[in-house]
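Student: I've got a model open and a few spots to go through. Can we take them one by one?

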Amino acid sequence: MKAKIKKTIKYIVLSILSVILLILLVIGISLNFIFTPEKVTPKVVEAINKNLNAELKVKSIELTFFSTFPNFSLEIEDGVIINQLDLNSSMTYTKKDSLIAFASCRISLNPIAFLTSNKIEVHHILLDKPHIYAYVNNNGIVNWDILKTETEKDTTTVKSDTTAFKADLNIEDVTITNGNLYYDDRTTQMYASLHELNLTLNAIFNDETINLGLKVDTQNVIFWQKGETLVKDVSCGFVTDLSVNRDTKILDIHNTKAQINNIEFIVEGQLIPDKEKKELDVSMDLNLEVPSLKTVMSLIPESILKQG
């Protein structure tokens with residue numbers, strides 16, 4: 001009897017392993033012979049462009065599974081999104097006609113977690129060497145408003161599903177490396193740029209809490225308005241751990257540090273909303289670390305010092 005049970009268990013295990021191997025074989029064949037970059041790239045680009053008032057161009061899009069198992073990855077190489085509106089921009093640099101250009105982008109997620117435990121687990125999002133140009137013209141029209149409205153999309157009738165979608169979301173790591181950000185606002189004659197921008201973000205969303213970790217730094221900040229330079233050659237950094245209780249809406253702030261050159265602002269505390277009184281209680285510990293008065297004075301624009 002025991003030998004029969006063992007034999008049955010053996011057959012069950014072998015059957016499960018055979019099914020798993022067959023699935024992996026099908027995935028491998030599909031990724032290597034069917035969903036190749038040459039076939040996937042134009043289809044994905046076409047589908048995305050149908051929903052944009054802009055044009056997406058990429059060198060290649062590749063799907064990977066075995067090299068990132070159990071995560072499924074989407075890798076995009078040499079991408080650019082070009083706004084199709086004539087905004088009369090006079091920005092003079094190599095990517096002046098693009099909203100964003102990047103060397104590579106990788107999105108890696110775990111489909112097994114969603115199938116087995118209703119969790120969306122994003123393992124990694126990497127954006128390498130992005131150049132982002134945010135522009136506002138004299139009429140207040142912005143170049144990042146690129147999503148088509150429902151009336152602009154194809155009018156194919158689709159039955160909508162109003163069923164509420166609920167799933168926990170874990171984002172283990174969002175990384176931006178060596179980026180450049182430009183903001184050019186012609187309505188206020190304001191310009192700002194961040195060079196050598198690096199960012200790391202992680203987040204957890206569930207029914208009880210929202211947890212967010214953020215680290216960002218940039219080595220060269222420039223800011224001017226109405227032709228006057230207010231900030232130049234300033235390095236900045238920001239680190240924080242935030243936690244929000246979704247029931248009480250209390251925000252906990254931990255390990256928070258803002259840095260401008262060698263000046264550091266350190267913050268710990270809570271923001272406690274009172275729904276009945278419609279008030280916000282603030283409990284904060286603030287510290288300022290300054291090496292010398294000269295460090296502070298170096299941040300004041302020369303035009304203001306001359307006025308004094």
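Tutor: Sure. Keep in mind that this is a predicted model. Let's begin with Ser-283, which touches Glu-268, Gly-269 and Gln-270, leaving aside residues up to four places away in sequence.

Student: How far apart are Ser-283 and Gly-269, in sequence and in space?

Tutor: They are 14 residues apart in sequence. In space, their C-alpha atoms are 5.4 Å apart.

Student: And where does Ser-283 sit?

Tutor: Ser-283 is in strand 12, which covers residues 279–289.

Student: Why is Ser-283 called partly exposed?

Tutor: Its relative accessible area is 44%. Partly exposed runs between the 20% cut-off for buried and the 50% cut-off for exposed, so Ser-283 falls in that class.

Student: New topic: backbone angles. What is phi for Gln-189?

Tutor: Phi of Gln-189 is near 50°, a positive value, and the residue is not a glycine. Most residues other than glycine have a negative phi.

Student: Which loop holds Gln-189?

Tutor: The one between strand 6 (168–185) and strand 7 (190–205). Gln-189 is partly exposed there, with a relative accessible area of 45%.

Student: What about phi at Lys-249?

Tutor: Lys-249 has a positive phi too, about 65°, although it is not a glycine.

Student: Where is Lys-249 placed?

Tutor: Lys-249 lies in the loop between strand 9 (228–245) and strand 10 (251–260).

Student: And what is the relative accessible area of Lys-249?

Tutor: It is 44%, so Lys-249 counts as partly exposed.

Notes
Residues are numbered from 1 along each chain as its sequence is written. This is a predicted model: local features need pLDDT of at least 70, side-chain atom pairs count only at pLDDT 80 or more; totals for chains, interfaces and linings use all residues. Side-chain values use heavy atoms; hydrogens and water are left out. Helices (H or I, at least four residues) and strands (E, at least two) are DSSP runs, numbered from the N terminus. Buried means under 20% relative accessible area, exposed over 50%, partly exposed in between (1.4 Å probe, protein chains only). Contact means heavy atoms within 4.5 Å.
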